[in-house]
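Subject: Structure handover

Dear colleague,

Here is the structure I promised to pass on, with my notes on its cores, one of its helices and its pockets below. Please look through it before you read further.

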Amino acid sequence: VDAFFDKYDLVDHHIKSYNDFVNNRIQKIIDISEPIVIENDETDEETGEIKKVKYTVKTGQVKIKRPFTREADGSNSDIYPIDARLRNLNYSAHMYRDMALNKDDEENPLEEVYIGELPVMLKSDYCYLNGLSAEELLEHNEDPQDLGGYFIVNGSERAVVTMEEIAPNKVILERVKEIEDRHAKAVVTSIRSGFRARITLEYKKPRKNKAFLRVSFPYVPGEIPLVILLRALGLSTDEQIITKISESNNNFQMIIADDIKVSEEALKLDPDEMQGLSLEERNEYLTTAAIKYIGNRVAFKMSEDYRIQRAEEVIDRYLLPHLGDSEEKRSDKATYLAEMTEMLLEVIHDQREPHDKDHYTNKRLRVSGDLMEDLFRVAFTNLTRDMSYQLERSISRGKELSIKQAVRSDVLTENI
């Protein structure tokens, strides 16, 4: 223990995590956020015809500037932690993002837009105290023995408390009741760039004539049969689904086969339509039917095209996001779910022990960078929505559009 603390400070893990968040994760969160696209009907000045116009916000890199404050005379001055403490200020960096507002096929140059403030952790990369010697710290009225690793908000020192949680991106098997009840579930908390999605695969005796294996994940109301989700992910035939889950265990295969038979009615398959189809067309028909089933859950009473589009978006973005969010990753997600299913069935048949959720191998600690990542993702989503609202309001009032006026920096600052 002594050797460890000879090499590392007590708060090194917080500072390194925060540095990783600022230097890498912020840009990733912004890059994967939904682009702002606004459509509006406008009258053509030459022809007088009403045509659709599309406005898009093009974005680039994020720039972070070290803490400074605007004085009463309008000048900017750097602030050190001691200044923030004495003057009851926030010790925070200023964030800028390259953005441009384009109309239809325009390609306007990117301009630097101020988007808000970000609290700076003392002794981190963006702190003025980083790398200073003991003598230099004393010159700035700082204690050389102060390790940093905390924030200053309105002049008060605030520390982030480490959180303990179940290990993310790992399958955790749980037995819900006794072995004889044959009720268990497999849970994975999938995390990608601050977005958390809890996916639950459950095996239980169904009510009435329903499937044994059912899945729940974000933005899909209730549970859906596993076999329908696997079809939507590209395992269109019965054989592909069964062999993907288990190639040799007859008991497992019988359970899956029963679920397939039960779920066919929910897909509303038309035998007449399927009769003249080739093998490839039949597989595509089955996959589309499964996507339509999910679409009816996530976009009920909408047009068929929109239901299909929304279902595909939900599958790609919110199902196991740590594996990716593109259409090409659907086969990987199907394989992951199939392996989860085999593990779950092994628990049901007492061939595998469920996990101990309290064991340290199944736990992780979330430090400052992880917690700030969650906070920033929510704050940036709110900023993006507010930008869309401000642009739509300017369009409806016939005002000249300006990307700088559309960004209200206090939205991000106050959320954080």
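A nonpolar core is here a set of buried Ala, Val, Leu, Ile, Met, Phe, Trp, Tyr and Cys residues joined through side-chain atoms within 4.5 Å, where buried means under 20% relative accessible area, exposed over 50% and partly exposed in between, with a 1.4 Å probe and protein chains only. Please bear in mind that this is a predicted model, in which local features need pLDDT of at least 70 and side-chain atom pairs count only at pLDDT 80 or more, while totals for chains, interfaces and linings use all residues. Residues are numbered from 1 along each chain as its sequence is written, and side-chain values use heavy atoms, with hydrogens and water left out.

The largest nonpolar core holds 54 residues, and the members that touch the most others are Leu213, Phe217, Leu229, Ile256, Ile294, Leu319 and Leu337. Helix α11 (residues 330–348) is its main contributor, with 10 residues; helices (H or I, at least four residues) and strands (E, at least two) are DSSP runs, numbered from the N terminus. A second, separate core of 49 residues includes Met121, Met372, Ile403 and Leu412.

Leaving aside residues up to four places away in sequence, Phe217 is in contact (heavy atoms within 4.5 Å) with Arg198, Ile199, Ile224, Leu229, Val314, Tyr318 and Leu319.

Helix α9 (residues 279–298) also deserves a look: among its buried residues are Tyr285, Leu286, Ile291 and Ile294, and the elements that cover its buried residues include α7 (250–267), α10 (304–318) and α11.

Turning to the pockets, a pocket is, on a 1 Å grid over the protein atoms alone, an open set of points where a 1.4 Å probe fits, with protein on both sides within 12 Å along at least five of seven lines, and its lining residues have an atom within 4 Å of a point. The largest pocket encloses about 660 Å³, the volume being the space filled by probe spheres set on the points, which are joined across faces, edges and corners. Its lining has 22 residues, of which Ser33, Glu34, Arg317, Tyr318 and Thr381 are the closest to the centre. Helix α12 (368–396) gives the most to this lining, with eight residues.

The second largest pocket has about 300 Å³ of space. Of the 13 residues that line this second pocket, Pro119, Phe151, Val153, Leu375 and Ile416 are the closest to its centre, and β6 (111–119), β7 (151–153) and α12 each give two or more residues to the lining.

With best wishes
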